[in-house]
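The following explanation is intended to be read alongside the sequence and the three-dimensional structure. It proceeds from a single residue pair to the strands and then to the interior.

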Amino acid sequence: MTDRCLPRLLRRLRPPQGDRVAVVRLEGHIGSVGVGRGGITADGVEGVLKRAFTGDRVKAVVLVINSPGGSPAQSEYIAERIRQLASENGVRVLAFCEDVAASGGYWIACAADEIFAARTSMVGSIGVVSSGFGATDLIGRVGLERRIYTAGANKARLDTFSPEKEEDVAWLAGIQGDLHAAFIAWVRQRRGAKLQGDDATLFNGDVWIGRKAVDVGLVDAVGVLRSVIAERYPDADVEVVTPPKPLLARLTGGQVGVAAAVDGMVDGVVSGALSAAEKRSRWSAFGL
């Protein structure tokens with residue numbers, strides 16, 4: 001080995017001494033959606049978040065969010081865990097909205113100290129939606145009779161195969177109102193005086209694109225990850241923190257066919273198709 005090669009070898013062996021920026025990617029539907037169809041859950045991201053916040057020399061944690069939303073509870077759990085880890089470790093959090101950070105995706109983005117969006121990102125959708133199917137006529141046409149037995153008069157509210165009741169719809173509206181109020185309170189807590197506009201403008205479920213999201217205060221600035229990090233932390237080591245592969249993926253070399261087969265056995269063809277349709281509808285609401 002020549003003397004010229006020695007310094008380069010030493011640089012490779014010596015651990016980096018500069019600041020570190022940890023990047024965590026949160027992409028997809030929020031909540032558990034079945035075996036083989038992963039969603040973003042608090043349990044699922046716990047290991048990644050802990051590694052991101054507690055590593056050596058962490059200057060900032062970056063959240064890259066691309067989600068149309070999903071479970072309100074999981075959104076809250078994840079956001080609160082991010083704030084807890086940030087406080088415990090004294091680490092600043094930046095969120096970057098990709099294609100869409102809507103509904104629960106925006107809830108999580110609000111856990112950051114600063115939120116950035118691309119000029120074409122869709123941000124917001126601060127509201128609550130419930131959807132389902134009414135199949136009372138369908139089962140009658142194929143000769144089926146719905147039989148459902150409950151202990152508790154309201155145990156089977158809004159059953160797919162039973163006629164819709166006005167009082168059940170009113171009950172659902174009340175639940176949605178409570179969830180919406182919790183969402184609004186969280187956004188106001190995190191965004192505070194940055195918000196521009198009244199409740200009717202900000203919290204009616206609309207989405208804003210890039211610069212308009214900045215104008216109403218949902219986002220701090222237009223910017224993309226590479227440019228902002230290069231400006232804020234020019235000497236930092238950027239590390240993308242990823243979760244370990246599931247056991248099944250490691251055993252099968254990540255072959256999708258095996259996971260899909262297991263998924264089919266567990267959930268069944270019909271429930272799997274309905275779940276996939278529900279996920280697809282959330283993305284398609286934003287033209288994606």
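**Strand pairing and the nonpolar cores**

Valine 61 stands opposite valine 93 in strand 3. The model in which this pair is found is a predicted one. The pair belongs to a longer arrangement: strand 2 and strand 3 (residues 92-102) run parallel and are joined by seven bridges. Between these two strands the chain passes through helix 3 (residues 72-89), and the resulting β-α-β crossover is right-handed.

Strand 2 also pairs with strand 1 (residues 20-27); these two run parallel as well, with eight bridges between them. Within this pairing, leucine 26 has isoleucine 65 of strand 2 as its bridge partner. Strand 2 itself (residues 58-67) is mostly covered, nine of its ten residues being buried.

The surroundings of valine 61 may now be considered. Apart from neighbours within four places in sequence, valine 61 is in contact with Ala22, Val24, Ala52, Phe53, Val91, Arg92, Val93 and Leu94.

In soluble globular proteins, nonpolar side chains tend to be buried together. Here the largest nonpolar core comprises 50 residues, and those with the most contacts inside it are Val24, Phe53, Val61, Ile82 and Tyr106. Helix 2 (residues 42-54) gives the most to this core, contributing six residues. A second core, separate from the largest one, consists of twelve residues, among them Val21, Ala60, Val228 and Tyr233.

In a regular strand the side chains alternate between the two faces of the sheet. With regard to strand 2, Val61 is listed in the largest core, whereas Ala60 is included in the second.

Notes:
Residues are numbered from 1 along each chain as its sequence is written. This is a predicted model: local features need pLDDT of at least 70, side-chain atom pairs count only at pLDDT 80 or more; totals for chains, interfaces and linings use all residues. Side-chain values use heavy atoms; hydrogens and water are left out. A nonpolar core is a set of buried Ala, Val, Leu, Ile, Met, Phe, Trp, Tyr and Cys residues joined through side-chain atoms within 4.5 Å. Buried means under 20% relative accessible area, exposed over 50%, partly exposed in between (1.4 Å probe, protein chains only). Helices (H or I, at least four residues) and strands (E, at least two) are DSSP runs, numbered from the N terminus. Contact means heavy atoms within 4.5 Å. Two strands pair if DSSP finds at least two bridges between them. A crossover is right-handed if, with the strands pointing away from the viewer, the path from the first strand over the helix to the second runs clockwise.
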